[in-house]
Amino acid sequence: MSAGRVLIVDDNADLATTLRDVLVSAGGDGGPLVVDVAESGASALARAKETGFDVALVDVKLPDTSGVDLIRPLRDASPHGEVVLITGFASMDAAIAALRAGAFAMILKSFRPDELVTTVRQAMTKARLQREREDLERRYRAVADLTDVLVLALDARNQVALFNRKAAELAGVSAEAAVGREFVRAWIPRGDQARLEEALSLARRGKRIPPDVETGFVATGDAPRRIRWHLGAAVDSDEGELVYGIGIDVTERRALEKRAADAEALSAMGTLALNLAHEIRNPLNAAKLQLHLLGKDVDKLAPEAETRAAVRQRIAIVGDEIARLNRLLSEFLELARPRGIAREPVHVGELVDSVLSLERESAEARGVRVVRDVCSGVTAIGDAEKLRQVVLNLVVNALEAMKDGGVLTARVAREDGAGERIVIAVEDTGAGIDPAVRGQVFDPFFTTKEAGTGLGLSIVRKIVDQHGGDVQLDSEVGKGTTVRVWIPSGR
């Protein structure tokens, strides 16, 4: 019998001494047993709280309480300990009541020493195994919480039995609050639910699962993340069969792959775009000149003033459309042209102020109040004209998002620390962007405007990438949008 701690609870001093001598003499490879004696329920609880125990031998009849009534308080005081009741008479009902109360066993007086030792040995083994299991569970839980991947376990109804720290942070709930919730319905986007449920079903049946089961994951206050799941089933002694899932967040990887694919496609279109622009601009210029001449010819004719005005209105509409096509062509060339950037000091605050001054009349016409929070003396190394285009595109987008007026806030600040950067933020109080399309706003030709080209933010991202910076868009429907651009300071 391994060394351990036994607590004898009996008001019969002679019997308690005999029990102690028997147990001490049965010490094994682990060393001698430590045996404490308590003569009442109150003193037994005090000893249990102070030193704990592996096994408590408790007489059913004590001066201040019943041994059966003492089982639960003792187990609460020493959660890993087992309680063995000693009694001179026990009916079947009494034995059942003791077991229901949490007793490990009941020994009838008078018992043989080897019977006592065997029962105590079995109780101590159970207590030791329980401690080892909980210790292993704590270690596994610590490993699961320290890892930077999502770890979860789902029962037969796809309810959460385990949720590690990473999963809880991403879901915006505590691990305890997640337990018992139906995982697929709570955190997987509708379009991915059927695929994940099928994979979970295959895992439970021991069938072969595709190596990558990738789904969205609804994160609090953000667009859905992309998670690649590895699933496997295992049997838990308490929970039954569980499906364990290890999820790797591949959101940034997918975004980088998409940006690389977009850059490759735009690069391949560069030569084609230059030739196409030349061929398109010639007829556009010719059409614009013909419209100008047509307008002069209309003035020479003598139709009614109303007819002349209607013709001039149609000429203006065609002219506006030609101008829009020309602007679209210029933006497309800016996006596709593989041109380098200058590397010179740029006073970012002055640059932002100049753009806001340029768009002041447009802001006033829309009823937009402009707020400036520009840190002076902030300098970056880059291409002044290209950075001006970044700020202009962001300001124009913000103004166009506030058709009924609002507040445009422009901020410039320096972020200290490793790799010092300059941050430019443009914030509007417009309608915001639907989360369903928020991930597409930097895609070429994607737009939510009626007459937009869908190239403004694509150009912003390209220029920021050329400067080795980063861009981030945050939006909330009904409250507005904020775009932040980080540029290395070059210091």
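The dialogue below walks through several features of a predicted model.

Reader: I have not looked at this structure before, so how many helices and strands are there in the protein?

Author: In this predicted model, the protein has 15 helices and 17 strands. Of its 491 residues, 38% are buried, and the accessible surface comes to about 26,900 Å², with 53% of that surface belonging to carbon and sulfur atoms. If one takes the contacts between residues at least 6 apart in sequence, 63% of them join residues at least 24 apart.

Reader: In which order do the strands of the open sheet stand?

Author: The open sheet is formed by 5 strands in the order β2-β1-β3-β4-β5, and their pairing is parallel. At the edges stand β2 (34-38) and β5 (105-108), each of which pairs on one side only. On average, neighbouring strands of this sheet are turned by 20° against each other, with direction ignored.

Reader: How many bridges join β4 to β5, and which strands does helix α3 touch?

Author: Strand β4 (residues 82-87) is joined to β5 by 4 bridges, and the two run parallel; Thr87 stands opposite Leu108 in β5. Helix α3 (residues 67-77) packs on this sheet, where it touches β1 (5-9), β3 (55-59) and β4, and the direction of the helix makes about 165° with that of β4.

Reader: Let us turn to charged side chains. When can side chains of opposite charge pair?

Author: Such side chains can pair when their charged atoms come close. For a salt bridge, the cut-off applied here is a nitrogen to oxygen distance within 4 Å, and by this rule the count comes to 22 salt bridges. One of them joins Asp192 and Arg195, whose side chains meet at 3.0 Å, N to O.

Reader: Where do Asp192 and Arg195 lie, and what separates them?

Author: Both belong to helix α9 (residues 190-204), and because they are 3 residues apart there, about one helical turn separates them. Asp192 is buried, at a relative accessible area of 11%, whereas Arg195 is partly exposed, at 38%.

Reader: Which residue forms a salt bridge with Glu214?

Author: The partner of Glu214 is Arg254, and the closest N and O atoms of the two are 2.7 Å apart. Since Glu214 lies in strand β8 (residues 213-217) and Arg254 in helix α10 (residues 251-300), this pair ties together parts that are 40 residues apart in sequence. Glu214 is buried, with a relative accessible area of 18%, while Arg254 is partly exposed, with 27%.

Reader: Which parts does the salt bridge of Glu252 and Arg225 tie together?

Author: The side chains of Glu252 and Arg225 meet at 2.7 Å, N to O. Glu252 lies in helix α10 and Arg225 in strand β9 (residues 225-236), so the pair ties together parts that are 27 residues apart in sequence. Glu252 counts as partly exposed at 45% relative accessibility, and Arg225 counts as buried at 14%.

Reader: Which residues are linked in a network of salt bridges?

Author: The network links Asp192, Arg195, Glu214, Arg226 and Arg254.

Reader: By what is a pair of aromatic rings described?

Author: The description uses the distance of the centres and the angle of the planes. In this protein the count comes to 5 aromatic pairs. One of the pairs is that of Phe183 and Phe217, which is tilted, with 6.2 Å from centre to centre and 40° between the planes. Phe183 lies in helix α8 (residues 183-187) and Phe217 in strand β8, so this pair ties together parts that are 34 residues apart in sequence.

Reader: Is Phe183 buried or exposed, and which residues form the aromatic cluster?

Author: Phe183 counts as buried, at 2% relative accessibility, and Phe217 is buried too, at 0%. The cluster is formed by Phe163, Phe183, Trp187, Phe217 and Trp229.

Reader: To finish with single residues, where is Leu231 found, and which residues does Ser489 touch?

Author: Leu231 is found in strand β9 and is buried, with a relative accessible area of 11%. Between Leu231 and Ala199 there are 7.8 Å in space, C-alpha to C-alpha, although the two are 32 residues apart in sequence. Ser489 lies in the segment after β17 (480-488) and is buried, at 3%. Leaving aside residues up to four places away in sequence, Ser489 touches Thr379, Ala380, Ile381, Glu420, Arg421 and Ile422.

Conventions:
Residues are numbered from 1 along each chain as its sequence is written. This is a predicted model: local features need pLDDT of at least 70, side-chain atom pairs count only at pLDDT 80 or more; totals for chains, interfaces and linings use all residues. Side-chain values use heavy atoms; hydrogens and water are left out. Buried means under 20% relative accessible area, exposed over 50%, partly exposed in between (1.4 Å probe, protein chains only). Two strands pair if DSSP finds at least two bridges between them. Axes are lines fitted to C-alpha atoms, for helices over the stretch in contact, and angles run from 0 to 180 degrees between N-to-C directions. Contact means heavy atoms within 4.5 Å. Accessible areas come from the Shrake-Rupley method with a 1.4 Å probe; for residues, only the protein chains shown count as cover. Rings of Phe, Tyr and Trp (its six-membered ring) pair if their centres lie within 6.5 Å; planes under 30 degrees apart count as stacked, over 60 as edge-to-face and the rest as tilted.
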